[in-house]
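Subject: Structure handover and notes

Dear colleague,

I am passing on the structure below, together with my notes on what I found in it. Please read the notes with the structure open beside you.

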Amino acid sequence: MTLTGLHLIAGEWVGGGDSFAAVAIGDAAPMAVQSAGPAEVHRAAEVAEAAFPDFAATSRTARAAFLRAIADGIDARRDAIVPRAMAESGLPEARLVGETARTTGQLRLFADHIEAGRHLDLRHDPALPDRTPAPRPDLRLIQRPIGPVAVFGASNFPLAFSTAGGDTASALAAGCPVIVKGHPAHPGTSELVAGAILDAIRATGMPAGVFALLQGDTNDLGRALVRHPLVRAVGFTGSFGAGRALFDLCAARPEPIPFFGELGAVNPVFVLPAAAAARGPAIGAGWAASLTLGMGQFCTNPGVAFVLESEGADALAATAAAGVAGTAPQPMLTRGIAGAYRSGIAAAAAAPGVETLARGPSGDDRHGTPALFQADRAAWEATPALRHENFGPSGVLVRLADFDAMLAEAQALDGQLTCTVQMDDADTDLARRLLPILERKAGRILFNGFPTGVEVADAMVHSGPYPASTNFGATSVGTLAIRRFLRPVCFQDMPAALLPDDLAGA
Ligand code: NAP
């Protein structure tokens, strides 16, 4: 398929703005990509708002058919999408085949979810006309879509968190038009997926304004998008700096809007003593595998493990170091990300009291060298380069003198996406003391596993207290994600003839 580098607005591929050159690895076709400006943002927002009343009024069955048509279109284009995504992201084929399936799976999951009507959270307090001292009116609650939503594609998930990813799927399922700012690292992939969405719009008769793709590589595009008065909410996955800047812009608008930012974390692992003694080598090997998976470019990457001084800690350190040193080299998502990662591990390696336990193979300036560090409590506390996410395959083993120190370090953590507990039965009392702290720190707490590989499911929570995310009441993965783009409306004493279909039978 020939790539145009154009934006998709109101069902048309259109130019506008300066252009930038897409970076691609290997023999992928070079691509000049348009960079949208305020005019394109305004046009996309206007058509999204114009499409909103009709789209919000579509039946759940019709929207489910739309989501399934998008999924089918992506499946049909898989042989074009996967190679382009490989060339743009440097991710391997197997990962991108899996990510394609995850993306279509998410779309179909949201189709099933809205058909079942569980997102509506219908509540009915029937009238009590004879209640004294005052009668109760008839009250019916339903969740309604909020309006046009802006979505920022993520560099590290060119499919599952980009053009038709979880944010887009959940917003469309809710009945909200979506304007995607494609990530500049994978514009060709975004265009191919947007083509599948356009075909689905046409096939299912949806209003053309329900989806727009704006390409671009300037901060000004993102800033204009979140400030546009017709945009009602933002879904974002990316860095702390960009997320915080965009969050502040949303809050500073004359009419502030919610910014659902997923900004990353260090995802601590707490290895309790009986588990370290019984399974230290296996835990170390499992940690290294999780840490280096996909060159560490996951927001759930477990960047720190706490363990009490012991022989089990030595054994854990040895297998973790071997795993990190033996990681095969792989390109990172962009040269910028690789450069930021290299600076992060250089700062960690140079910090007083921090020992480098292992380094993996290095490559060119787009590769990241896996690294494992070790620190005592003082070095951990004094080294910001260890305490903050360094996006890539590096981690630190923090060796602590006793369990009180582990509790204190847990208490001192910032908000996290995940916390992991490695424990055996003999650790149960200690785990019980740790849990109340962890519950206040993370959106997901897992036991005897590793946090990479986020299941897309009803019970999943992928968020956490700030700075892991900017909205701890929400999740960006799983069916609960739809609630970000809905708001409750109560109809009091509504005549039956006016009740929305979804409420009429409730
Ligand atoms: P990013 O720099 O945060 O960019 C994400 C999106 O925001 C892009 O569309 C970017 O496009 C835009 N943007 C960046 N800075 C902005 C600003 N000041 N104002 C308005 N828009 C802005 O993320 P990235 O490009 O994916 O990678 C950079 C770093 O992000 C990584 O090194 C890593 O630390 C972090 N990251 C974290 C996760 C995670 O899941 N935790 C995922 C991906 C990346 P423009 O540049 O075109 O404005």
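How are α4 and α5 oriented with respect to each other, roughly parallel or roughly antiparallel? Before I answer, please keep in mind that this is a predicted model, and that what follows was computed from its atoms.

Helix packing

Helix α4 spans residues 93–116 and helix α5 spans residues 166–174; their axes lie 9 Å apart and make an angle of about 25 degrees. Since angles under 35 degrees count as roughly parallel, α4 and α5 are therefore roughly parallel to each other. The crossing in which α4 passes α5 is right-handed, and the residues that make the contact are Gln 106, Leu 107, Phe 110 and Ile 114 on the α4 side, with Gly 166, Ala 169, Ser 170 and Ala 173 on the α5 side. Sorted by class, the contact of α4 with α5 consists of five nonpolar and three polar residues, with no charged residues.

Helix α4 also packs against helix α3, which runs over residues 78–89, and here the axes are again 9 Å apart but the angle is about 130 degrees. That angle makes α3 oblique to α4, and the crossing of this pair is right-handed. From α3, the contact draws on Arg 78, Val 82, Ala 85, Met 86 and Ser 89, while α4 contributes Glu 93, Leu 96, Val 97 and Thr 100. In the contact of α3 with α4, five residues are nonpolar, two are polar and two are charged.

The other partner of α3 that I noted is helix α6, residues 187–204, where the two axes come within 8 Å and cross at roughly 160 degrees. With angles over 145 degrees counted as roughly antiparallel, α3 is therefore roughly antiparallel to α6, and the crossing of α3 and α6 is left-handed. In this contact, Ala 80, Ile 81, Arg 84, Ala 85 and Glu 88 of α3 meet Pro 187, Gly 188, Thr 189, Leu 192 and Val 193 of α6. The classes in the contact of α3 with α6 are six nonpolar, two polar and two charged residues. You may wish to look at Ala 85, which is listed both in the contact with α4 and in the contact with α6.

Surroundings of the ligand

There are 24 residues around the ligand, and those that come nearest are Ser 155, His 183, Asn 219, Ser 239 and Cys 299. For Ser 239, an N or O atom of the side chain is 2.5 Å from an oxygen atom of the ligand. Two further contacts involve the backbone: a backbone N or O atom of Thr 218 lies 3.2 Å from a ligand oxygen atom, and a polar backbone atom of Asp 217 is 3.5 Å from an oxygen atom of the ligand.

Backbone geometry

Most residues other than glycine have a negative phi, and most peptide bonds are trans, so the following places deserve a mention. A cis peptide bond, with omega of about 5 degrees, joins Thr 132 and Pro 133, and Pro 133 is in the loop between β5 (123–125) and β6 (139–145). Another cis peptide bond joins Tyr 466 and Pro 467, with omega of about 10 degrees, and Pro 467 belongs to the loop between β18 (442–447) and β19 (486–492).

As for phi, Ala 10 is not a glycine and yet has a positive value of about 55 degrees; this residue lies in the loop between β1 (7–9) and β2 (12–14). Asp 493, also not a glycine, has a positive phi of about 50 degrees, and Asp 493 sits in the loop between β19 and α16 (501–504).

With kind regards

Definitions and conventions:
Residues numbered from 1 in each chain as written. Predicted model: local features only at pLDDT ≥ 70, side-chain atom pairs only at ≥ 80, totals over all residues. Heavy atoms only, no water. Axes fitted to C-alpha atoms, helices over the stretch in contact; angles between N-to-C directions. Helix = DSSP H or I, 4+ residues; strand = E, 2+ residues; numbered from the N terminus. Parallel < 35°, antiparallel > 145°, perpendicular 65-115°, else oblique. Left-handed = near helix turned anticlockwise from the far one by under 90°. Contact = heavy atoms within 4.5 Å. Nonpolar A, V, L, I, M, F, W, Y, C, P; charged D, E, K, R; others polar. Near = heavy atom within 4 Å. Polar contact = N/O pair within 3.5 Å; in protein donor to acceptor, adjacent residues only side chain to side chain.
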